[in-house]
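The following exercises are to be worked with the sequence and the three-dimensional structure at hand. Each task is followed by a solution in steps.

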Amino acid sequence: ESPQRSRNLKEQYQNILKEASETRRSRKTLDFPFSAKASRVVRALLEKPDMGWSISTLAKEARVAPRLALLVVNNLDAGGYVKKVPGNTRLAQREALLDSWSALYRFEKANRLNFCYSLASDFEAFSAKLATLPENLRDGYRLTMFAGASLVAPYVRFNTIHLYVRSGIEDWLKRLDLERVESGANVVLAEPFDEGVFDYLQTKKGLSIVSNTQLYLDLFNLNDRAR
């Protein structure tokens with residue numbers, strides 16, 4: 001990467017962080033079926049594209065009420081994304097469904113972001129902190145964005161580490177030795193739009209990562225490099 005391109009990417013990313021900082025208290029809720037709990041059903045279909053589902057098994061998989069699962073399936077059936085057969089609903093248009101979701105989703109608008117600074121020298125040093133978390137907290141985070149992607153498909157270098165955390169931001173700040181900052185953040189703690197972002201855990205090198213579906217959604221509209 002040329003120095004000029006790196007500067008342009010950094011400026012673009014800082015602008016995104018600024019926008020996210022201004023809107024983090026008023027998160028954007030996506031329309032059905034990509035809203036909060038409903039999106040868990042969509043995620044289940046995308047993560048297990050070859051599965052045939054009954055409404056009850058799909059609801060159990062997504063941890064939602066059967067009525068909500070049925071509403072989502074009916075909506076997706078109307079859009080041609082699934083083939084609805086009693087007891088055996090299947091995903092029909094995986095790429096189109098993912099494209100529809102990613103066209104609407106923006107990481108910085110959907111989630112509440114906490115911008116922080118870590119004294120850790122690099123991702124490896126920060127990862128060491130995550131690896132030493134108490135056992136009861138190791139399922140309480142998921143790496144995403146470039147940090148998550150670097151463990152799944154390492155294509156680019158990055159300077160900012162993003163991770164979802166379940167709850168208790170102040171406790172996470174203490175556990176990971178983070179300081180809140182208005183600018184110059186190198187760690188972003190994201191309070192997710194829904195608990196579904198923790199589903200379909202991937203583990204690499206002892207670290208917890210979001211599903212490939214969530215990685216794709218988070219990265220897709222960040223910038224051209226992320227896409």
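Buried means under 20% relative accessible area, exposed means over 50%, and partly exposed lies in between (1.4 Å probe, protein chains only). The model is a predicted one: local features need pLDDT of at least 70, side-chain atom pairs count only at pLDDT 80 or more, and totals for chains, interfaces and linings use all residues. Residues are numbered from 1 along each chain as its sequence is written, and side-chain values use heavy atoms, with hydrogens and water left out.

**Exercise 1. Overall composition**

Determine how many helices and strands the protein has, and what percentage of its residues is buried.

Solution.
Step 1. Helices (H or I, at least four residues) and strands (E, at least two) are taken as DSSP runs, numbered from the N terminus.
Step 2. On this basis the protein has 10 helices and 9 strands.
Step 3. Of the 227 residues, 48% are buried.
Step 4. A contact means heavy atoms within 4.5 Å. Among contacts between residues at least 6 apart in sequence, 71% join residues at least 24 apart.

**Exercise 2. Strand pairing**

Establish which strands pair with β3 and with β5, and in which sense.

Solution.
Step 1. Two strands pair if DSSP finds at least two bridges between them.
Step 2. Strand β3 (residues 112-118) is antiparallel to β7 (residues 187-191), with 5 bridges between them. Within this pairing, F115 is opposite V188.
Step 3. Strand β3 also runs antiparallel to β6 (residues 178-180), to which 3 bridges join it. Here C116 has R180 as its bridge partner.
Step 4. Strands β4 and β5 are antiparallel and share 4 bridges; T144 is matched with H162 of β5.
Step 5. Strands β5 and β7 are parallel, again with 4 bridges. The partner of H162 in β7 is V188.

**Exercise 3. Burial of individual elements**

Decide how far β3, β5 and α8 are covered.

Solution.
Step 1. In β3, 5 of the 7 residues are buried, and the strand is mostly covered.
Step 2. In a regular strand the side chains alternate between the two faces of the sheet. For β5, both faces must therefore be examined: I161, L163 and V165 on one side are buried, as are H162 and Y164 on the other.
Step 3. Because 5 of the 5 residues of β5 are buried, the strand is largely enclosed by the rest of the structure.
Step 4. Helix α8 (residues 145-152) is mostly covered, with 7 of its 8 residues buried. The buried residues are M145, F146, A147, G148, A149, S150 and L151.

**Exercise 4. Salt bridges**

Locate the parts of the chain that K48 and E61 tie together, and identify the residues linked in a network with R166.

Solution.
Step 1. A salt bridge is a side-chain nitrogen of Lys or Arg within 4 Å of a carboxyl oxygen of Asp or Glu. The structure holds 9 of them.
Step 2. In the salt bridge of K48 with E61, the closest N and O atoms are 3.1 Å apart. K48 lies in the loop between α2 (36-47) and α3 (55-62), and E61 in helix α3, so the pair ties together parts 13 residues apart in sequence.
Step 3. Both residues are partly exposed: K48 has a relative accessibility of 33%, and E61 has a relative accessible area of 25%.
Step 4. D139 and R166 form a salt bridge at 3.1 Å, N to O. Because D139 is in the loop between α7 (123-131) and β4 (141-144) and R166 in the loop between β5 (161-165) and α9 (169-175), this pair ties together parts 27 residues apart in sequence.
Step 5. R166 also meets E195 in a salt bridge at 2.6 Å, N to O. This pair links distant parts of the chain, with E195 in the loop between β7 and β8 (202-204), 29 residues from R166.
Step 6. D139 (38%), R166 (31%) and E195 (29%) are partly exposed by relative accessibility.
Step 7. The network of salt bridges links D139, R142, R166 and E195.

**Exercise 5. Helix packing**

Describe the geometry of the packing between α5 and α10.

Solution.
Step 1. Axes are lines fitted to C-alpha atoms, for helices over the stretch in contact, and angles run from 0 to 180 degrees between N-to-C directions.
Step 2. Helices α5 (residues 94-104) and α10 (residues 212-220) pack at about 45°, and their axes are 9 Å apart.
Step 3. Angles under 35 degrees count as roughly parallel, over 145 as roughly antiparallel, 65 to 115 as roughly perpendicular and the rest as oblique. The two helices α5 and α10 are therefore oblique to each other.
Step 4. The residues that meet are L98, D99, W101 and S102 in α5 and T213, Y216, L217 and F220 in α10.
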